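Trainee: Please take a close look at a single helix and what surrounds it. After that, carry on to the places where chains meet.

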Amino acid sequence: MAITLISILALSVAVYFISKLSWKVGAVINALAGAYLMIYLFTLKVGSSEVLGTLFGEKLLLTYTNASFYFSFVSMLVILAVMVFAIKWLDSQKYPSAFNMFLLMMTAASLGVFFAGDLLTLYIFWEIAVLSSMLIVPMGKKEARRAAIIYAVMSATGTYMYLYASFMIYSRYGNFNLAEVAKDLANDPSMPFKVTVYLLLAAAGIAKSGIFPLHTWLRIAHGNAPDAFSAVLSGQLVKLGSYVLMLVTAFFPTLKMFQGLELYSKIPSPNYFLLALGATSIIVGTLMAIKQDDMKMLIAFSSVANGGYILVGIATMDAIGFEGGILHVFNHALAAAIIFMAFASVVYRTHTTKISEMGGLIHKMPITFISYLFAIISLAGIPPMSGFISKWMIYQALVRKGMFVTAFIAFFGSIGSFLYVFRPLAGVFLGQLPKKYKDVKEVPAIMWIPMVTLVAISFIMGVWPFPILKPIEAMRADFAISPSVKIADASNWLVRGVTGSWNPVIVFNLFIIGFAIAYLLYTLFPKPKKVDLLAPHKEEGAPINIYTGGEYIYTPDLYQYNTKMYAGFERMYEKHPSWEKVLDMLCKFFHDLGQLVHGWFFRPSPSAYAFWTVMTLLIVFWVRW
Amino acid sequence: MVYWISIILMGIGIYGLLTQKNLFKQLISLAIIDTAVNVFIIAAGYVEGGKAPIYTKALPSFLKGAFVDPLPQALVLTAIVIGVGVLALGAALLVRVKEKHKNLDVENMKGVGE
Amino acid sequence: MMTLAIAIPLIAAFLAAIRKSWGYILYAIAAILNFILSLSLIGAVPSIHALGGWKPPFGINLVLDNASFYAILFINAIFLIVAVFPDIIGKYATVMLVLMAAVNGFVLTGDLFNSFVFMEIISAAAVIIASKRENYYSAFKYLIFAGIAGSLYLIAVIFVYTQTGSLNMAQAAYFSFSQKSLVAITTLFLIGLGVEAKLFPLNGWVMGVYGGNDLAPVILSTAVTFSAMYMMGRLMITIFGGGVLQVLYVLALITMLAGELAALYQKNLLKTLAYSSIGQAGLVLAVLSKGKEPFTSLAYFQLMNEVTAKLVLFLVAGYLVYKYTNLNGIFKSHKVLGTAFSIASFSLVGFPLFAGFQSKLRIIMEAFKGGDYLLPALLLLATLIELTYLIRWNVRLWFEDQVEEGEKGSWRHGFVAIALAIFLVVIFFFPNIYLAPASKMADAITSVSGYINIVTSGLGGM
Amino acid sequence: MRRLYAILIAAGFVYMMLSFLGVVPGYGNIDLCSRVSSSFLLKDVSEQNAKNWLMAKGLETKSIEKVYGEKNKEDGCANVVTSIVVNYRSFDTLGEVTVLFTAALGVGLILGGTRRKKYGLLPNFVFRESTRILVPLIILFGAYIFVHGHLTPGGGFPGGTIIAAAALLLYLADEEFFLSKVSTGALEGSMGGLYVIAGLLGLAIGGYFLYNFLPTGRVGNLISSGIVPIVYTFIGLKVGAELSGLITDLHSEEG
């Protein structure tokens, strides 16, 4: 493992120089490397471990577990798709060589995070992943420069808390090794220490997966990053955060650690705290996503909400909830990746991300449309796509635990997701095609093939989820979360829940039948006639004799139905409190503090220098004499 | 006593640095502090009734209490020269400051933003 | 032999005064000779040189132990690197030669008054260097600051003399001061050295001096800072152990945060980096003030990393700031410089794969081992702030839309910057390149009896 | 208000220094035998056991010895301050010279004029003519001071300063007078270089930098104390040249 990771890291630098000669070759090498890593994952044996090197007298350990396999597999699925996608897409970019280098570097580093056997290794790879991804972000739109900074700062906030906690652990147990630390934590008598460490470690995951207090970077970073890279950000990089959250809540025996702190339904209060954060993220993400006019920001907020689902699922520490949360990692990764790639395809052709400026692209880009359609079905959790199964599992757990408020929030998020995923669907693909896009073509095959492949995988896993549930079950067994319960029952085609079971095959068949009937009806009924938005006018933007409410219409664009699509609903929370403003205030505070320091100590005249010299002297004298 | 004088001189120098708005006066205040330190050093080497440490016909040999400590005097010699160097450098800088910022008064200097 | 480290640049400086046009060539020759000389001194460690043949404590002696050896090696290496840039040095070659002699003397000397003299030469030379590019007012402010500090330092020296009866450092280290006199002496020394060591709130000059031209930060934030930090360790730990170390710790922590906060606010590249070097100095001082072994070596390790990174940053920044008026996206035309700048800033922040990671994480680890939970927390907070502004600058210099047409860059800058940047990566993988010297330095600094032994046993030696 | 605070702070500083004074022996009440300067006075540095000194074991008490007029008394300076400045602690003096050199250099770099600054004030006839008479005398006096530095109060620094005073007088007396910077620079540079070379010669001959390698003669004689008068001559000329150069810089303008 060590050699592979290091050589891929080294290769990434080589790729830069190769890409300088021809970025296409670089992109192909990237894709080949990605494919190799994908295959490599299957050759590794679970449980094997390797020493990467030594640092500060501690061994840097790489351990390959079921969790590593699962998360790496999901990551590689997304990254590989994007890498293939990028072979063509990169010609619309300004920095193809650097993109190739950092993408490959980030890939290796993320795998390193998943393989890490101790806290320090995880930190190192984590930082490399953050750094390399942070350097891709500003290649996007103009706003992306700021996005990269916000991303770096938020991420570092979490990471440094994590680092602090790691060293707290090290100074107490003399060990970074995850397995050992888990054991030590289980037997540690000091509750404040455990809670502190738990929350600090989780902070890294919270920052990375965009859970509530540190979620604001997602909107700006995902929304402004290079389009295809948003797929990696949202589909893969955010999952690093989920991985850390899984480590601290499930791998560390939290149930045992926090015995006596149970708050509600046998969930310890620290876990419950995370769960509450997850629930908050669902609300915030959903409501904010509905408001967005920029399709990428919309999906960015949906990532916040889905990160919340994952966290809620994992934090329940219930067999089915945990599996649901972990399965949701897979589902959301795929869905988000497809959606962002579909958007990237749209932007590749139309050069805009504003929903209200588009429409009717279904006629021009049907394959992209189909991919997007399937992805949002999965994202919104509608059968028969795989997205439904994970959400269903999370609901099952919440209901069984009797956590009705959280369950309600989860349902609410689900309904909200119908609203927000429909907005780009209607605004971008359906409706009227603006005249300026009448020459738009479908993207080349090299770009739609990865999308369609991911759609197919997501679809198949929706019908037959047992292959992907197998490693999840193994993970659950590793973490000893109700090991007696069996959820995936492949022989009976059942996913067993608490209040009932889910038979994806039957449901799929029913859907196929329903779809067949619907299609039949569609073909039988007379076809609708295509008319212009404002029927009698001849040229776009030049209405003749069109009026409504006693006035002529000069701006027909505003009468486009996807302008302010959910205005009625949005009005209900128009004056919502903004967390971003709070964070901005925090930034301002530090900035002002800097100004204060600058003005008081660094700017003034020699008199002030004399003053400070003497004052320091006097203070030292006063303290020490 | 001389200690006191030197320390009070230092205080005066610091007072000057704190209150004077004219840069040249501040430089002079710095020179006052320098001088005060020199006085302090000389005082640290004084022996009651001692003479300058030079052997002459009248004082041909080392008697206890006959000479003051010569080392501080040597140090002061060095310190004075250093003080002169600093003063000259500061004065030269002030010539240029005056040219560039039009004024030596801290509050009326032009172009000293940031 | 070790006197030559001072004599060579000094005689070169005097020669350069005769013919101004020889300045740069003499500087280059002296820098090369001095570097070779300091390399060859490794055989002479540990030894002393009694100047004029007068034994310590009567005469002045130079002490070459592990600490001063590695310090002058590092310092002369920096002077050698700077010698690559005749365009930066310009007509300041003579001053640079004096500065070289003074810094070497400051590090090597084993006599308190002599160290004062060298400190004054350093500050005089530094003031002149600071006045480059008409930066007169900042230079004047620095002069006032250095003047006050020098006076206090001198008073402290005299205090030591009245107590011990000599000016020798080894004797002062041996002498058992009363608690009160120890506090008085160390307080005065703390302020005296604090100005050069950029201790809060004595570092008001830094912004103006480092931010005012391209030569001052390159040499003052590296070689001079290094010598000041060396002297801080020497005086506060070896000679006057105890004293006001706790006060230094608190002040250093404030320095760290204040510097980083001010850098966050700053909009000018050179000034941002100037503040950043204040913050870094605070970190080094805080670790140094622990006064115990693993910390001392880590402090010097961190210092070496920081100085190397800062050298790259200031070289690149100084070059660009005076070439263009608007720096947005300028790295698009200067890719090599940009890469070096980014690597150095990442190293400063402490990202893995770069040298800063090694030192910062070790500091955190040792602090936790020592039961100090405050230093790591503040260090991480400072790092967060540092990351914010460094990333901001990196993004701006790389990705903003370029306003000015890029010109052809200077190969000297590119070569040196990228070589040092690669060196920073190498240090991540082989930290012993810096860590071994740093720990040897720290051993020499923390061992009081070792220092006294070198001086006593070296009596009569070269 | 500002002044009140300033007074308070200055008073605080004075109070602090007064408290610190507690650790210093009282004024005039010091024991020279506990300080190294007693050995400088006795000129028995090389006979002292330096190790004992370092270990704070104190001075080996010796009987009172006649110094003046004796031969081969270590450095052989009658003026002990000079013997410290130029011999025992000659390295400090080298540093001191360097400070002055740096300052002169700095003033040159900062002001950097190439032309005499004219004030438009014509000095009167008496002043101009008397200056012509005085200048050689002043220079002679300066030379006397630094040549006799090892016997009488004074030495290189005062001597050099007196020589520079002659230059100042010339500047004041004559609107046209302008010393060439090349000459002062060459003088100070070569004198400084000679000082270092003298030190290096000591290193080559005696094994120590700044070693006094000449016979020291009889205390109190003009030709005595080895390299001390020679070095003081270097210093005197150097300081004179430097300060003259400084004055030149201050009286010059660009153009």
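Mentor: In this predicted model, the buried residues of H7(A) pack against five stretches of chain A, namely helix H5 (119–136), helix H6 (144–173), helix H8 (191–208), helix H10 (227–251) and helix H11 (254–257). H7(A) itself spans residues 178–187, and its buried residues are A:Leu178, A:Val181 and A:Leu185. These residues lie on the same side of H7(A), because the arc they cover around the axis is only 60 degrees.

Chain A also packs against another chain through a helix. Helix H23 of chain A (residues 606–624) and helix H7 of chain C (residues 136–164) have axes 9 Å apart and an angle of about 25 degrees between them. Angles under 35 degrees count as roughly parallel, so H23(A) and H7(C) are roughly parallel to each other. The crossing of H23(A) with H7(C) is right-handed. On H23(A), the residues involved are A:Pro606, A:Tyr609, A:Ala610 and A:Thr613; they meet C:Lys141, C:Ile144, C:Phe145 and C:Ile148 of H7(C). Sorted by class, this contact has six nonpolar residues, one polar and one charged.

Chain C has a further contact, with chain D: 54 residues of chain C are in contact with 50 residues of chain D. On the chain D side, helix H3 (50–54), helix H4 (80–88), helix H5 (90–111) and helix H8 (181–206) each supply at least two residues. H5(D) gives the most, with 13 residues. The side of chain D that touches chain C is made up of 26 nonpolar, 18 polar and six charged residues.

Notes: Residues numbered from 1 in each chain as written. Chains lettered and ligands numbered in written order. Predicted model: local features only at pLDDT ≥ 70, side-chain atom pairs only at ≥ 80, totals over all residues. Contact = placed C-beta atoms within 7 Å. Helix = DSSP H or I, 4+ residues; strand = E, 2+ residues; numbered from the N terminus. Nonpolar A, V, L, I, M, F, W, Y, C, P; charged D, E, K, R; others polar. Axes fitted to C-alpha atoms, helices over the stretch in contact; angles between N-to-C directions. Parallel < 35°, antiparallel > 145°, perpendicular 65-115°, else oblique. Left-handed = near helix turned anticlockwise from the far one by under 90°. Buried ≥ 20, exposed ≤ 12 C-beta atoms within 10 Å, placed from the backbone. Arc of directions from axis to C-beta.
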